[in-house]
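User: Please take a close look at the largest pocket. Then go through the other side-chain groupings and the backbone points that deserve attention.

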Amino acid sequence: MLSDYQTLATELVRDDAGRIQTAERDRAIQMAVQRYSKDIERLKVEDVVVTDVNTLPLPAAWEADVSELRSLEYPVGQVPPCYLSPERYGLYQKPTSTVIML
């Protein structure tokens with residue numbers, strides 16, 4: 001799919017002088033995708049397995065600088081759903097990774 005956008009951008013942007021480098025074109029496409037993702041949000045719900053009492057791993061589909069943690073349900077499966085207050089969790093940067101800290 002990325003190659004389709006690269007080809008399309010090359011075809012649509014007339015650069016007979018060769019001023020636009022491949023890296024610049026790819027960076028512009030990446031920025032456009034990030035901007036589009038912010039404008040047209042996609043809601044994804046994912047369960048994570050608890051490995052520690054105080055932290056949770058980020059979901060597998062998490063994209064740095066793009067994804068946003070909107071809510072945290074615990075325990076899962078309650079009717080009605082039981083969501084934790086946003087003050088009770090947040091992202092925490094460890095030396096090797098980012099986790100959700102409770």
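Analyst: The pocket comes first, followed by the salt bridges, the nonpolar core and the loops. The model is predicted, so local features are taken only at pLDDT of at least 70 and side-chain atom pairs only at pLDDT 80 or more, while totals for chains, interfaces and linings use all residues. Residues are numbered from 1 along each chain as its sequence is written, and side-chain values use heavy atoms, without hydrogens or water.

A pocket here is an open set of points on a 1 Å grid over the protein atoms alone, where a 1.4 Å probe fits and protein lies on both sides within 12 Å along at least five of seven lines; a lining residue has an atom within 4 Å of a point. The largest pocket has a volume of about 1,600 Å³ (the space filled by probe spheres set on points that are joined across faces, edges and corners). Its lining is made up of 43 residues, and those nearest the centre are Lys44, Val45, Pro59, Trp62 and Glu68. Two elements give two or more residues to this lining, helix 1 (2–12) and helix 2 (22–39) (helices are DSSP runs of H or I with at least four residues, strands are runs of E with at least two, and both are numbered from the N terminus). Helix 2 supplies the largest share, eight residues. Sorted by class, the lining holds 26 nonpolar, five polar and twelve charged residues (Ala, Val, Leu, Ile, Met, Phe, Trp, Tyr, Cys and Pro are nonpolar, Asp, Glu, Lys and Arg charged, and the others, including Gly, polar).

Glu68, one of the residues nearest the pocket centre, also takes part in a salt bridge with Arg70, at 3.5 Å from N to O (a Lys or Arg side-chain nitrogen within 4 Å of an Asp or Glu carboxyl oxygen). Glu68 is exposed at 55% relative accessibility, whereas Arg70, at 48%, is partly exposed (buried is under 20%, exposed over 50% and partly exposed in between, with a 1.4 Å probe and protein chains only). The structure has two salt bridges; Arg25 and Asp26 form one of them, with their closest N and O atoms 3.0 Å apart. Asp26 has a relative accessible area of 26% and is partly exposed. Side chains of opposite charge can pair when their charged atoms come close. Arg27 belongs to helix 2 and is partly exposed too, at 46%; its C-alpha is 15 Å from that of Asp65, 38 residues away in sequence.

Pro59, also named among the residues nearest the pocket centre, is ten residues from Val49 in sequence, with 9.2 Å between their C-alpha atoms. Val49 sits in the loop between helix 2 and strand 1 and is exposed, its relative accessible area being 64%.

The largest nonpolar core consists of Leu56, Leu58, Leu72, Leu84, Tyr89 and Ile100 (buried Ala, Val, Leu, Ile, Met, Phe, Trp, Tyr and Cys residues joined through side-chain atoms within 4.5 Å). Beyond four places in sequence, Leu56 is in contact with Val48, Val50, Leu72, Val99, Ile100 and Leu102 (heavy atoms within 4.5 Å). By the same sequence criterion, Leu84 touches Leu72, Tyr74, Tyr89 and Leu102. Leu84 is buried at 15% relative accessibility, although it is found in the loop between strand 1 and strand 2. Its C-alpha is 48 Å from that of Val13, 71 residues away in sequence.

The loop between strand 1 (55–57) and strand 2 (90–93) also holds Pro75 and Pro80. The Tyr74 to Pro75 peptide bond is cis, with omega near -5°. The bond from Val79 to Pro80 is cis as well, again with omega near -5°. Most peptide bonds are trans.
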